[in-house]
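Trainee: I have the model open. Can we walk through its packing, then a pocket, then a strand?

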Amino acid sequence: MSDKFKALEAYEDLKQKLEAKLSNTSLTLQSLQELRQEYLGKKGPIQELMGEMKNLSPEEKPSFGQKINALKTLVSDLIESKKKELEERQVQEKLEKERIDITLPGKEVNTGSIHVLSKVIEEVEDLFIGMGYEVKDGPEVEYDEYNFRLLNIPKDHPARAMQDTFYVDVERLLRTQTSAAQAHTMLEYGGNKDVRIICPGKAYRRDEDDATHSHQFTQIEGLVVTKDVTMSDLKGTLLKMAQSLFGEDREIRLRPSYFPFTEPSIEVDVSCFKCHGKGCSMCKDTGWIEILGAGMVNNNVLSMCGYDPKKYQGFAFGVGVERIAMLKYGIDDIRSLYANDLRLLKQFKA
Amino acid sequence: MLIPMELLKKIVDININDEEFVKNFSLKSAEVDSFAKLCDVKGLVVGKILAIKDHPDSNHLHITTVDMGDMVDDIVCGAPNVEVGRKVIVAKVGVKLPGGEMKKAIIRGVASNGMNCALDELGIDHKYQGYEGIYYLDDDAVIGSDPLEYLHLNDNVLEIELTPNRQDLLSIIGVAYDTKAMLNSKMHLEDVSYPTISEKSDIKVSTETENCYAYYSNVIKDVEIKESPAWLKGSLMKMNIRPINNVVDITNYVLMLTGQPLHAFDYDDIKSKKIVVKMAKEGEKFVTLDEKERDLNENDIVITDGNTSLCLGGVMGGLYSEVKDSTKNIFLEAASFNPQNIKNTSRRLGLQSESSLRFEKGINPDLTKYALDLATKMLKELANGKVLSNPSYFDNVKHESKEVSVSLNQINQVLGRDFLVEEVKQVFDGLSFENEYSNGVFKVMVPGRRPDISTYQDLIEEVVRISGYDKIPTTIPESTSQGKLSPYQAFIRKIRHNLSSSLNEVITYSMVSDEYATAFDNAEYSLVKVLNPLTDDRTTMRHSLIPSLLSVIKYNQNRKNDDVLIYEIGRRYTLEGEKPILSMALSGTISSTLWKGQKEVVDFYYLKGLLTNLFDSLFIKNYRIELPENPLKGLHPGVSAQIVAGKNTRLGYFGKLHPETAKKFEVKETYVLELELDTLFEQAHPIKSVKQISKYPSIVRDLAFVVDESVSSEDLVSEIEKIAKRQLSGIKVFDLYRGENIGKDKKQIALSLTFSDMNRTLEAQEVDSTINEIISKLDAKGMKLRA
């Protein structure tokens, strides 16, 4: 064996030295690059050994070359795997550094809301639209004619005392009921077209504001006029409304009442959705809660509004939106619906 | 109306328990307000005061020795009216009174084993007792028995709320008719015959006015005026009437029973021996029995002795002829008057009584004489009166039933259920309506007590309520029509849902003060004012929603909630009509991450962004935001704008609240907006077909120009748009800079321009040449490119 080979042998322990250097914990990607230069660079030991090749015999060259190449691959692999390791560690360190406190609060953005009265109106509108109704509204500053006379409430009628009225002048007033819009619609339809409408809107009565009274309130009045609509249709319709507003297992009951524009007239109670009929504070221990008034349209109203009572009959109902909202969401003072405290408003997400 | 069950059960058979009766009544007759005993104290006993000693340690207390039936014990009593031998109501130890449980007590060293009660200690209004101290029972009360039984206070009292059409239920007999019908039971009116003496009534009654329909009278002589028996006093108390004496109590009792008001005169005060009903003279003075002088006019009905008015007909008696403790002989009246006169008189004089109330609503004409006879009979029995024969009367009322017909077919067609002839007949029979069924039609004779029934619809109501609404099936009307919101209603809903994702919808009162009504909007308009407002702050229908929204901001800011972002959809009112409007009022923080030091507060541009996004979502494109010609009322003149469409269609305005306005409304810095919704709707043109988008890449160039302060960013943008023409597909302001290095009264606006072509990829050179053209043309106008 020639000296050259001995040198080669000697350089083989270079592997151990390199491994020792690579295991140094203070090694960085930078110093690893330097190490690669040191071992594999032009002036490095492997290159130096390659230089010896020219001094070897043709017989010696192949095996010497093989050994050098193996050594070179070994060194390169060692450095490469170390590099990978260092890079991975660097990513880990970076991620670790970027760790945040996920418990800090997020960005606060004002959350919008829909007013509970609008919410209830839309709910009722959608229900009735599904049953083929149109939505109609009329003026709030209304003529006595539409608010009272056409609804069978002439001057001096005792029912006027039931609805204390804000007057604007001799003929005009703030409507006390949205049924004023019904008279408009019937006259507009001209007495020969089926009417199937609901009229949501604001109404006014001269009541002092307290927990249960409001000088301004919201009503939804419904009116159906066809050749054959019956009281059982009215009952079925109201049952459907009660169930849609207060739950599918609700029942209703009808009691006699009086409205000048309907005959027969009824009050409608819904079975208490809090105690399910057992009796509680909400239903005053009766198991029933009054929710609306209704009836079959009085023939006088039909004729005055252009419909022949011999050919047409109808039903009408009116529901107070505030009352529904208060019952449904447990609001105990009607004034809070108009105070618009954000803490209440924001509970009704759009 | 209060109905003691004891009295009702005297007239009509009730074969079900009270609880079921109440349920039935509320479902078939009228709304029940309450159902309870006047006094619900249990365990009271009748006691007798055997002896009274002075309390050794008090000058007003006494020690009474009371026989309570099963025991005799001492009770310390502070009443001023203690009297030996009298029967009293005793609450023994352990009895629960409204004021608390009765306990054995040592009162100033003396043991007391109960209480001698006054009525108010039992929870009964003091007015019913009529005197101070403990309440005395009559001698016939049995020691040790239940005093409430003795006073007839052990029955429940039904309180009903009447609708204006059911004046017939203002009497116990009227209630009995409904009860009979709903229970299909029997009624028995008390027989009112009584013996008369041979002496004839010498008072002749007549009328000079048509407003008195009927007048029945009786003369009852030698009456003993005294306290009523316990049952009568108890009955009146249960009906909220104070017992006075037997004569007054009888007239009140008969009134409640029959609904027919009665009036008792002192016979000896009718010196002329005649009663003439007249209209009062204009300006006539009359002293009513409450000792007040009243000014009468010719619409008031008066009962006179021919010359002098004795009674304000149907409303109140006169002081002169009233029944006094010394009265010996009584002239009793049962009359019927024109309800309108009674209504006018009682309203004008502010005199409302149980009598005037019933006359006003219309009494049962068929009970006028019955009521007189019942009261006469009672005066004979309870006051030992002698009834004179041949009393004078007149009656111009047609006592006829009214014929109303309804066919079975009509009933079934309206109610949607097939009723049997027998079911319907049972209702009419139950109500005591004579009826006849033939050829499918019921001919019904409606008695005078039910003037509310005049059409077949009224009869159908009787049929359905008495048979029970629970008999009606539930069906849904057939409909072939498709229901939907109108495009305008859908538009409003879209706005609401759009805005409600970031703002809070409010609903406020339409009526505001005059000052609020005119606080915004300098247009000319005629306000809607209410003639009879309730309060000074609600007199006028508003012309803008903004004042109301500012009140909401104030309300919330006063409650430590500074960040208020609200809107309302409402109307503005003028005498010419109503217009829908949308208003917003925004104050405070929109969003924040405070620990990062980040916070976005409301400013003009936030509101402008909200507005443009809203318009975009509503397909409103052709509008301009511009400086108003004149400053907007209530707004900051430098931070406000109007929104205009087309030539000069005003859509609305927005901006910062004028500092003075903010101060007046007591709100922090606030931005407001108001939009005309119907005008807005006209400007909305929903997408019909898509706008083609370019398939080719676009080129973006950023430029910054230095311009005079007077040049707005919109001016600059529109200049560039004019030059760049169609290939300029987008332009965006991304920076605004002011500084010394730019020059005084100058600003630098940086823009990002996007170019694209629908048909090909643009070459850099063609964009560059456009840019150069822009730069040179702007340069000529004094807008210099910043290198």
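Trainee: Which residues does A:Met241 touch, leaving out those up to four places away in sequence?
Mentor: Keep in mind that this is a predicted model. A:Met241 is among the residues with the most contacts inside the largest nonpolar core, which has 78 residues. Sequence neighbours up to four places away are not counted; the residues touched are A:Val124, A:Leu127, A:Phe128, A:Leu292, A:Phe317 and A:Val319.

Trainee: How many residues has the other core, the one with B:Phe21 and B:Ile330?
Mentor: That core lies apart from the largest one. B:Leu367 and B:Ala375 are also among its members. Its count is 58 residues.

Trainee: Which residues lie nearest the centre of the second largest pocket?
Mentor: The space in this pocket is about 1400 Å³. Its lining divides into 15 nonpolar, 8 polar and 11 charged residues. Chain B elements that each supply at least two of them include helix H16 (604-617), helix H19 (713-724) and strand S44 (746-755). Of the 34 lining residues, those nearest the centre are B:Tyr605, B:Lys608, B:Ile625, B:Ser713 and B:Glu714.

Trainee: How many residues of S44(B) are buried?
Mentor: Buried means under 20% relative accessible area. By that cut-off S44(B) is mostly covered. Of its 10 residues, the buried ones number 8.

Trainee: What is the bridge partner of B:Ile731 in S44(B)?
Mentor: Strand S42 (residues 699-708) of chain B runs antiparallel to S44(B), joined by 10 bridges. There, B:Asp708 stands opposite B:Lys746. S43(B) also pairs with S44(B) in the antiparallel sense, over 8 bridges. For B:Ile731, the partner in S44(B) is B:Leu753.

Technical notes. Residues are numbered from 1 along each chain as its sequence is written. Chains are lettered from A and ligands numbered from 1 in the order in which they are written. This is a predicted model: local features need pLDDT of at least 70, side-chain atom pairs count only at pLDDT 80 or more; totals for chains, interfaces and linings use all residues. Side-chain values use heavy atoms; hydrogens and water are left out. A nonpolar core is a set of buried Ala, Val, Leu, Ile, Met, Phe, Trp, Tyr and Cys residues joined through side-chain atoms within 4.5 Å. Buried means under 20% relative accessible area, exposed over 50%, partly exposed in between (1.4 Å probe, protein chains only). Contact means heavy atoms within 4.5 Å. On a 1 Å grid over the protein atoms alone, a cavity is a set of points where a 1.4 Å probe fits but cannot get out, and a pocket is an open set with protein on both sides within 12 Å along at least five of seven lines; lining residues have an atom within 4 Å of a point. Grid points are joined across faces, edges and corners, and a volume is the space filled by probe spheres set on the points. Helices (H or I, at least four residues) and strands (E, at least two) are DSSP runs, numbered from the N terminus. Ala, Val, Leu, Ile, Met, Phe, Trp, Tyr, Cys and Pro count as nonpolar, Asp, Glu, Lys and Arg as charged, and the others, Gly among them, as polar. Two strands pair if DSSP finds at least two bridges between them.
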